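Trainee: I should like to learn how to read the features of a structural model. May we work through one together?

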Amino acid sequence: RKRQRYVEKDGKCNVQHGNVRETYRYLTDIFTTLVDLKWRFSLLIFILAYALTWLFFGLIWWVIAYSRGDLEHLGDHSWTPCVNNLNGFVSAFLFSIETETTIGYGHRVITDTCPEGIVLLLLQAILGSMVNAFMVGCMFVKISQPNKRAETLVFSSHAVVSLRDDRLCLMFRVGDLRDSHIVEASIRAKLIQSKQTQEGEFIPLDQTDLSVGFETGDDRLFLVSPLIISHEIDERSPFWDVSRGQLERDDFEIVVILEGMVEATGMTCQVCSSYLAEEVLW
C-alpha cells in the first residue's frame, strides 16, 4: 500500500483545513489573505479594486453634474459647471480616472464654485492613495516572495542508513543550484510517525526532532557545494531500536526543512522535502 505523504518531495504540505467555521478571521487579516491567494485571483481583485473605485466616483461626479443642472446647460458659456467639459457619464468616468491616477490631461477641470465637488475631490484623492498603497503593497510582497528561489534548492531522492566514522548514521544530501548563496542557512529534520502514549492516547501525526547537529552547530550550513546531512543513530535517536528488517516494514516519514536568507533580496526562504520509509536505504 502506497502511503500518502505528509509533505511532498517539492515541499508542498498535503494537510487541508476542513470544517473551519470562523472564516471571518481570514478577513481580519485581509492583507495576508490577499498575498496567499493564487495569482489569477490576486490579479482579478487588483483589477476590480481600481475599476470599481473609478466607476463609483465616476457615478458620483455624474450625479453631482446632473443634480446641479450642468448637463442641461452644455454649451452655455454663462453657466459655470462643477467640472468643465463634463457632458455625460463617460466623461465623468474619465474624469474620475484622471483624478485618482493624477494624470491631469487639462481638458476637464473642477471649478471653484462647486463645494461638493471639492469635498469629493479630496475624498477621492485620499481613498485613491489608500487603494494604491494597499494593492501595490500586496503585489510587491507577492512578487518578491522567494518561492521560486526554493526550487533551486534540491535534496537527494533517497536517504541512507550507513556507517560513518564507525557510527551508524541516517544521511541525505542537499545542494544549491544557483551561484548566489543562501545566507545563514540552517536545517532541521522531523520524524512523522503515529504514536500511542502510556495512557492509551493515539497520536496519528506525532512529530519527533531528529538531531542533525544542533548541539555542535553542524546544522548551520555553508551551502556553496552539495553537503551531506547526518543524523547519528545513538541512544537518543528514535531509530536506536530499529533494525534493518523493521525499517523496511515501518510506516513513517522524515520531513527535512532548510531555511535561510536569499543573498540578493535578504528575504527568508524555506524549502521542505520528505523521505518515506521505503525511500530510506540501508
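Mentor: Let us begin with a term: residues are in contact when they have heavy atoms within 4.5 Å of each other. Please keep in mind that this is a predicted model. In this sense of contact, the buried residues of H4 pack against H3 and H5.

Trainee: Which residues of H4 are buried?

Mentor: A residue is called buried when its relative accessible area is under 20%. In H4 this holds for Ser 91, Ala 92, Phe 95, Ser 96, Ile 97, Glu 98, Thr 99 and Glu 100.

Trainee: What does Ser 96 touch beyond its neighbours within four places in sequence?

Mentor: Ser 96, which is found in helix H4, has contacts with Thr 53, Trp 54, Phe 57, Gly 58, Trp 61 and Gln 124. Its relative accessible area is 0%, so Ser 96 counts as buried.

Trainee: How is the length of a helix checked, and what span should the 12 residues of H4 have?

Mentor: The expected span is 1.5 Å times one less than the number of residues. For the 12 residues of H4 this gives 16 Å, and the end C-alpha atoms are indeed 16 Å apart, so the two values agree. Just after H4, Thr 102 adopts a positive phi of about 55 degrees.

Trainee: How many residues does H3 have, and how far does it reach?

Mentor: Helix H3 covers residues 39–68, which is 30 residues. From its first C-alpha to its last it reaches 44 Å, close to the expected 44 Å. Gly 69 follows H3 and has a positive phi, near 85 degrees.

Trainee: Which residues of H3 are buried, and what covers them?

Mentor: The buried residues of H3 are Ser 42, Tyr 50, Thr 53, Phe 57, Gly 58, Trp 61, Ile 64 and Ala 65. Their cover includes helix H2 (30–36), helix H4 (89–100) and helix H5 (115–143).

Trainee: How should one set a record beside the model, and where does UniProt place the feature "transmembrane region"?

Mentor: One takes the residue range from the record and examines that span in the model. The unreviewed UniProt entry places "transmembrane region" at residues 41–64 and 118–141. Residues 41–64 are 100% helix and 0% strand, with end C-alpha atoms 34 Å apart. Residues 118–141 are likewise 100% helix and 0% strand, and their end C-alpha atoms lie 35 Å apart. The unreviewed entry also gives "domain: Potassium channel inwardly rectifying transmembrane" at residues 7–146. Over that range the chain is 59% helix and 0% strand, and the end C-alpha atoms are 19 Å apart.

Trainee: How far apart are Gly 88 and Leu 71 in sequence and in space?

Mentor: Here one compares two separations. Gly 88 and Leu 71 are 17 residues apart in sequence and 7.1 Å apart in space, C-alpha to C-alpha. Gly 88 lies in the loop between H3 and H4. Apart from its neighbours within four places in sequence, Gly 88 is in contact with Trp 62 and Leu 71. Gly 88 is buried, with a relative accessible area of 15%.

Trainee: How far apart are Leu 153 and Thr 197 in space?

Mentor: Leu 153 and Thr 197 are 37 Å apart, C-alpha to C-alpha, with their positions 44 residues apart in sequence. Leu 153 belongs to strand E1 and is buried, at 5% relative accessible area. Beyond its neighbours within four places in sequence, its contacts are Gly 175, Asp 176, Ile 182, Leu 223, Leu 258, Cys 269 and Val 271.

Trainee: Where is Asp 165 found, and is it buried or exposed?

Mentor: Asp 165 is in the loop between strand E2 (159–164) and strand E3 (167–176). A relative accessible area over 50% counts as exposed, so Asp 165, at 70%, is exposed. Its phi is positive, about 55 degrees, although Asp 165 is not a glycine. Asp 166 is found in the loop between E2 and E3, with a positive phi near 65 degrees. Asp 166 is exposed at 70% relative accessibility.

Trainee: How does one look for a pocket, and what volume has the largest pocket?

Mentor: Rolling a probe the size of a water molecule over the atoms shows where empty space is left. The largest pocket has a volume of about 970 Å³. It is lined by 29 residues, of which Pro 146, Asn 147, Lys 148, Ala 150 and Glu 151 are the closest to its centre. The lining comprises 12 nonpolar, 8 polar and 9 charged residues. At least two lining residues come from each of H2, H5, helix H6 (147–150), strand E1 (153–155) and strand E9 (268–276).

Key:
Residues are numbered from 1 along each chain as its sequence is written. This is a predicted model: local features need pLDDT of at least 70, side-chain atom pairs count only at pLDDT 80 or more; totals for chains, interfaces and linings use all residues. Side-chain values use heavy atoms; hydrogens and water are left out. Helices (H or I, at least four residues) and strands (E, at least two) are DSSP runs, numbered from the N terminus. Buried means under 20% relative accessible area, exposed over 50%, partly exposed in between (1.4 Å probe, protein chains only). UniProt positions are given in the numbering used here, feature names are shortened, and annotations may be inferred rather than shown by experiment. On a 1 Å grid over the protein atoms alone, a cavity is a set of points where a 1.4 Å probe fits but cannot get out, and a pocket is an open set with protein on both sides within 12 Å along at least five of seven lines; lining residues have an atom within 4 Å of a point. Grid points are joined across faces, edges and corners, and a volume is the space filled by probe spheres set on the points. Ala, Val, Leu, Ile, Met, Phe, Trp, Tyr, Cys and Pro count as nonpolar, Asp, Glu, Lys and Arg as charged, and the others, Gly among them, as polar.
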